[in-house]
Every structure is written in structure tokens, then in C-alpha cells.
Amino acid sequence: MAMVAKKLVLPTRPGLEDDKMSQHPDESTFVSKLESVALLQDMDDTTRRLIMQSLQVRRYYPGDVVFYKGTEGTSLFFVQQGTFDVIVGENNADPADPMSYRVDQIQSGSVFGEIALLLSMPRTATICAHTEAVVHELQRSDFEAVAARSIVLNKRLQAIKEERFVRFRKDLEAACFNPDNLEPKQRAYLMEVFKQIDTDGSGAIDVAELAVMLTRLAGRFFSDEQVTAMMDMLDQDSNGSIEAPEFLAGLPLLAKWLVASMPAASADPFTPTTELDLEQVELLQGMDAASRLKIIVALKRRHFNKGDIAFNKGSTGQSLFFLQQGVMDVVVGDGNADPAHPNSMVVDQIPSGSVFGEMALLLSMPRTATIRTASDTAVAYELERTAFEQAAAQSPILNRRLQAIKEERFARFREDLDTAVLRPEEMDDKQRAHLLEVFKQIDEDGSGAIDQDEFAAMLGRLSGRTFSDDELAGMLKAFDKDGNDTIEAEEFLAGLPLLAKWLTNEEREKQKTASRLDEMYFV
């Protein structure tokens, strides 16, 4: 049916005008507007305040265009006052075009453009001011900056990204992508998946990023030859990377490969195979599919040539390795066990499918041997401790395990103090690493030093009582050798015998008090 165009009267003056006023909307009256956007619901006060500080005030006059149909959406708008027309039509739905017509109006108190916080997709209509109006604009870049500092929003975004990738995987299995006939919303969602895979933000997927994508999709590792073959098929311009148009064009091929690569009996797409055996690591055993996926996403692919060193003896361990192909030598000797040194020797070999360096997930302690590539080439997937901890923070199962380990570690620390076995000059590497992890637990703000509040919390956990400011100042002074009112790691280690002695005296005083109370009771 033919549509009758509604004539729009437009002013001759310019359209959009940035309002340079610095004021932000009153929080008490603006909360309901934030709550109308699903992504912004139930935020804590700090996050809500950061969102409101990110808003930009815009003033429009009748006829001003907020955005045109077809332009890429990068922000949402909260209407504080005024009315806007929703205009559709051919091309960019220019309000001045006689074939453009109004299909709806947006009133004061409304929100429009919210999909732009999640998808960079073309606007579906032109928005034009009907009356003088004031809006508060939240740009996607500002929202993402706030989300990076907000646990609540960051978790929501990560969950949305995971759901998006799982949907991508299911859509591939169903072979529902036709690159020649993608709807704008479907194309926008696929471009967000592309950005997730392009982890370095270069605008193209390289071999390492492709390998991780294939691992995430299939739940197992692939050889260099397999990854290279897939790159050759998707890389139409043969420049060694996959740009966005090549990614979209290759989706049918990727779908066909995925269906062919999955084991027929596997109901869980992320069930580990012998090539990706997370179960070899005790800390990673018995995880659900979502937690396994988080670990897979955190992996980095490392390629080694014959003679390359994975790490040297004595270097601080910060990651573990899953050896996907190749063989590694275990080398020991003096100093850093340099394989070229005549006193260094190979004492063992690590075959393909093995895991090495797993202690690094829990303790930052020196490596006990050098690991050198024995085969012509080797491929390993590295799991860095920081990446593991970030993944664990989003996984209830892994997070509970880490918290339990921290509690056990502190309990052991308490027992070691009781038995006065913590003498810095007699510590081995493992004991020192264990105590430095306790130090990090006590140093809650991660400053690298224990301040008076953190020191008070530690003493409270150890003794079960609170302390006066004078008591705290006296104990802190005994530890703080450089007089800067904080306790650094070496001061903490050096003061452990003193702490053990103090704790013993504290227990004796408790026992004396209990004995006196008993005597009073019986008298």
C-alpha cells in the first residue's frame, strides 16, 4: 500500500548544537530513566554516578536531526525535555525529502538508540526534533570505559560476549549464515564477534587469533598445518590475515568445517579431547562447560623452533603450558641451567599432550629447570596466571577453589607461626613463594606494601581480637625498618620470627586470663 508523505516544516538555521553546560541530571530523578535500559538496571551507586558523569548534554531546536537512518549507531539518548519525530523513507530518510514521513514520536522521559551500546549497526530511522529539546547522550566508548571499572557492568558485558559467541557457534552449526543476504542486525552482531576474535584490535584476524577461535569453537587444539590450511581458505587476498569481509564471506566454509570437526558422540561442544586435556591440572578438574570455555579463551598460542627456550631455571613462574605438539627437554645445571653450558644436562623429556609449569598458577616461585625445544618445532598453549585469575573471577567454581586455597594458605601460615619455623635465612624457594602469596593476601589494595589498616586486619585474623592504635603503632614500628609507615615484602619476611614470638606470648596471656576466670568461677 502506498504511504502518504507527511510534510515537515524545517527551519533554515543549522541543526545540532552542543550544549557546553557542565551540569548533569539530578541523580534522584534520573534513576528511573537508567533503570529503563536493561543493561543499566540494578547498578551500585558508584557505577550509576560514573554513568551520569559520562553523559553529554545536547540541546536541539525544531527540525534539528539527531542522527540519520543508515548512519552507524554509537550512543543512546535520554530525553530530558521536548519531543522528537521518528522518520523513515528512502536512503537516509532525510526529513526534507518529500517521500520521508513520520511514523512515531518520542516524548520527554523516553530513551532511544540503546542498541548502540551493544551493536555498531546502522540506525533504522532518522530522529528529528519536533520541539525544542534537551537530551543526555551516553556514547558507547564512554560506557565501555565505565564498564571496565565496574564489576557489575563488566560481568554483564562479558556474559553478553560469551552468549554472543555461543550463539555464533550454534548459528554456524545450523548453517544459517548467507553472506550475500545478511540483515543489518545480523551483520552487526557478526562484526562484534569478529572484534572479539581480533583480540589485538588490528582490524584483522592473524594466525594466532584464528587458532584460538578454532579452539573455542571445537573445544580442542589444532596443529599448525590445520590452522594454516584454514587460514589459506579464508584469506582471499593472501596477505596472511583475515579482514572483516573475508570473515563474513568465509562463514559457510567455517560452518562446514565445524560440523565435520566435532566428535559425533559429544553432546557438550566444550568437552575436552585428548588434545586439550585440562583434567591433567588438578586445579582445573571437574569444571563445567562455561568455566572450561573461560580457560580456553584465556590461552595464548606459542610456537617454538628447535633450541628455543620456554623458560629458564630460576626465572619466576607466571604461567603453565599445554604442549600440543612437539617434544621439550628438561635441563638442569648451575645458575640458570643454560643448555649451552657444559655442566648442564638433559634429565627428562616432555612429550606432546603433556602439561608443564602448573605450579605457577598458585605460586610465583623460581622455575626449578630450564625447558628447551627438542623437536624441530613445537606448539604450546600458555595459560598466564593473571589471565587464569581473571577467568576464575567470572567462574563460581574456580573462584571458590581459589578462595579455599587462600584460606588454607593463611591457616598454614598461622600454624607455621605457632611452631616458629619461619626463619628467613633458612627458607627454601617454595616456602618463600608461599609466604609472598600470604603477603599479597594481606596487601589487599595491591600497593606492594602493608599499611596500618591491613596490618591491623592481619593481626586480628591471627589473634582473634582487635588492637588499640598504640599497640598497632608499636608492632608496625618493629617491622618497619625503613620508617616509611608501611611494611614491604622483605620487611614482612624479616619480621616473621618476631611475629611468631608475639603470637606465642599472646596465646600465653589468653591462657592466663582463662585460668584466672576458671579460678574465680570455682571460688
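Helices (H or I, at least four residues) and strands (E, at least two) are taken here as DSSP runs, numbered from the N terminus. Going by that, the protein chain has 17 helices and 21 strands. The model is a predicted one, so local features need pLDDT of at least 70 and side-chain atom pairs count only at pLDDT 80 or more, while totals for chains, interfaces and linings use all residues. Residues are numbered from 1 along each chain as its sequence is written, and side-chain values use heavy atoms, with hydrogens and water left out.

Of the 523 residues of the protein chain, 45% count as buried; buried means under 20% relative accessible area, exposed over 50%, and partly exposed in between (1.4 Å probe, protein chains only). Contacts, meaning heavy atoms within 4.5 Å, often link distant parts of the sequence: among those with a separation of 6 or more, 74% come from residues 24 or more positions apart.

Next, the inside. A nonpolar core is a set of buried Ala, Val, Leu, Ile, Met, Phe, Trp, Tyr and Cys residues joined through side-chain atoms within 4.5 Å. The largest one has 55 residues, and Phe168, Leu210, Phe247, Leu254 and Leu284 have the most contacts inside it. Domain 2 (177–260) and domain 3 (278–393) both give residues to this core, so it lies between them; the domain bounds come from an automatic or database assignment. Apart from it lies another core, of 25 residues, among them Phe439, Ile442, Met475 and Leu496.

Glu209 sits in helix α6 (residues 207–218), and it counts as buried because its relative accessibility is 6%. Leaving aside neighbours within four places in sequence, Glu209 is in contact with Ile197, Asp198, Thr199, Asp200 and Ala204.

As for pockets, the second largest is lined by 27 residues, with Glu389, Lys406, Glu437, Lys440 and Gln441 nearest its centre. A pocket is, on a 1 Å grid over the protein atoms alone, an open set of points where a 1.4 Å probe fits, with protein on both sides within 12 Å along at least five of seven lines; lining residues have an atom within 4 Å of a point. Helix α12 gives the most to this lining, with 8 residues.

Two loop residues, neither of them glycine, have positive phi. Asn91, with phi near 55 degrees, is in the loop between β5 (84–88) and β6 (101–106) and counts as exposed at 68% relative accessibility. Asp485, at about 70 degrees, is in the loop between α15 (469–479) and β21 (487–488), and is exposed too, at 55%.
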